[in-house]
Amino acid sequence: PGMTVCVIPLALMGNLTLQRISDAVREWVANGDGEKDELEEKWDEEVEEAENDVGGLTMSFLLSQALRFHISGNLANSEGEEEGDLKYQHTVSQCIHLYMWGFICMFLFVMILMKLQGQADTMKDEAEEEAKRIEHRLLGENTDAELALLRREGDNAESKQARAEFVERLLEMLVVAFSMGMAWSMFFATKWYIAQTGTGQGDDALLALVVAVCISGVCFLSIYFIDKLADA
């Protein structure tokens with residue numbers, strides 16, 4: 001079961017590689033006329049956001065599959081479903097174990113969102129400000145030596161900006177991965193717990209209905225109380 005975790009970094013590297021290729025294609029198309037206008041900037045932002053969501057969702061589902069295999073010894077199919085009556089054979093301790101992993105994912109999600117992403121945003125803002133400052137200086141009168149120095153500084157600023165954008169996208173993907181990892185873990189742990197009571201045995205549709213009602217009720221109550229706390 002431990003080997004199933006190896007597919008997660010492979011998925012991350014695959015997503016990052018495809019993102020770089022997609023980004024290069026978009027830049028080539030957007031700069032085909034020599035400039036990148038506002039609509040092309042918006043197009044680039046929306047596609048990047050969708051790519052981050054897809055990458056995060058991919059890693060979160062693979063993480064949930066690996067965790068469930070490690071805890072129960074049963075590897076679910078490509079849709080996350082356990083074959084036959086396996087879903088009804090889990091113990092309460094296995095449910096608690098999976099719930100714990102859900103809370104761990106929630107903790108990691110909050111830490112990235114509150115700490116690391118703020119630092120990445122700061123790094124990106126500093127790189128953009130440096131690039132603008134150098135661009136402004138290039139508009140003035142400079143000697144050949146000063147122009148050469150400014151161009152080198154501009155290249156360094158562009159490299160910093162590219163690194164900052166890469167880190168920002170990576171962290172956004174991890175935020176999605178851990179938040180969805182929490183959701184998958186809570187969902188399957190709840191399904192395991194309800195199934196081990198015998199509810200819906202022989203009728204998967206009934207089990208799915210009970211799980212949906214229970215999770216929806218908990219979510220609505222959580223949203224209500226969190227909203228009250230936010231207004232307090």
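**Entry 1: Glu81 and Lys191**

I looked up Glu81 and found a salt bridge to Lys191, with the closest N and O atoms 3.2 Å apart. The model is a predicted one. I then placed the two partners: Glu81 is in the loop between H2 and helix H3 (92-138), and Lys191 is in helix H4, so the bridge ties together parts 110 residues apart in sequence. Are the partners buried or exposed? Glu81 has 32% relative accessibility and therefore counts as partly exposed. Lys191 has a relative accessible area of 12%; buried means under 20%, so Lys191 is buried.

**Entry 2: Asp204 and Lys87**

I stayed with the loop and checked Lys87. Asp204 forms a salt bridge with Lys87, and their closest N and O atoms are 3.8 Å apart. This pair also links distant parts of the chain: Asp204 belongs to helix H5 (residues 204-231) and Lys87 to the loop between H2 and H3, 117 residues apart. I noted Lys87 as buried, because its relative accessibility is 5%. Asp204 reaches 44% relative accessibility, so I noted it as partly exposed.

**Entry 3: Arg26, Asp44 and the network**

How many salt bridges does a search of the whole structure find? I have eight in my notes. One of them joins Arg26 to Asp44, the closest N and O atoms being 2.6 Å apart. Arg26 is in helix H1 and Asp44 in helix H2 (residues 38-72), 18 residues apart, and the pair links distant parts of the chain. I found both Arg26 and Asp44 buried. I followed the contacts outward from this pair. Arg26 and Asp44 are part of a salt-bridge network that also links Asp23, Glu48, Glu51 and Arg169.

**Entry 4: the cavity**

I searched for enclosed space next. The count is one cavity of 30 Å³ or more. I recorded a volume of about 40 Å³ for the largest cavity. Which residues line the largest cavity? I listed Arg68, Gly80, Glu81, Glu82, Lys87, Phe188, Lys191 and Trp192. Glu81 and Lys191, the pair from my opening entry, are both in this lining. Lys87, the partner of Asp204, is in the lining too. I sorted the lining by class and got five charged, two nonpolar and one polar residue. Helix H4 (residues 144-196) contributes the most to the lining, with three residues.

**Entry 5: the nonpolar surface patch**

I turned to the surface. I found a nonpolar patch formed by Leu18, Ile21, Val25, Trp28, Val29 and Trp43, which together have about 670 Å² of accessible area. Which helix gives the most to the nonpolar patch? I noted helix H1 (residues 7-30), which gives five residues. I checked Leu18 by itself and found it in helix H1. Leu18 counts as exposed because its relative accessibility is 57%, the cut-off for exposed being over 50%.

**Entry 6: Glu158**

My final check was Glu158, which I found in helix H4. Its relative accessible area is 53%, so Glu158 is exposed. I also looked up its spacing to Ala131. The two residues are 27 apart in sequence, and their C-alpha atoms are 6.9 Å apart in space. I set Glu158 beside Lys191, since both are in H4: Glu158 is exposed, whereas Lys191 is buried.

Definitions and conventions: Residues are numbered from 1 along each chain as its sequence is written. This is a predicted model: local features need pLDDT of at least 70, side-chain atom pairs count only at pLDDT 80 or more; totals for chains, interfaces and linings use all residues. Side-chain values use heavy atoms; hydrogens and water are left out. On a 1 Å grid over the protein atoms alone, a cavity is a set of points where a 1.4 Å probe fits but cannot get out, and a pocket is an open set with protein on both sides within 12 Å along at least five of seven lines; lining residues have an atom within 4 Å of a point. Grid points are joined across faces, edges and corners, and a volume is the space filled by probe spheres set on the points. Helices (H or I, at least four residues) and strands (E, at least two) are DSSP runs, numbered from the N terminus. Ala, Val, Leu, Ile, Met, Phe, Trp, Tyr, Cys and Pro count as nonpolar, Asp, Glu, Lys and Arg as charged, and the others, Gly among them, as polar. Patches are made of residues with over 30% relative accessible area and no salt bridge: like charges are joined within 9 Å, nonpolar side chains (Val, Leu, Ile, Met, Phe, Trp, Tyr) within 5 Å. Accessible areas come from the Shrake-Rupley method with a 1.4 Å probe; for residues, only the protein chains shown count as cover. A salt bridge is a side-chain nitrogen of Lys or Arg within 4 Å of a carboxyl oxygen of Asp or Glu. Buried means under 20% relative accessible area, exposed over 50%, partly exposed in between (1.4 Å probe, protein chains only).
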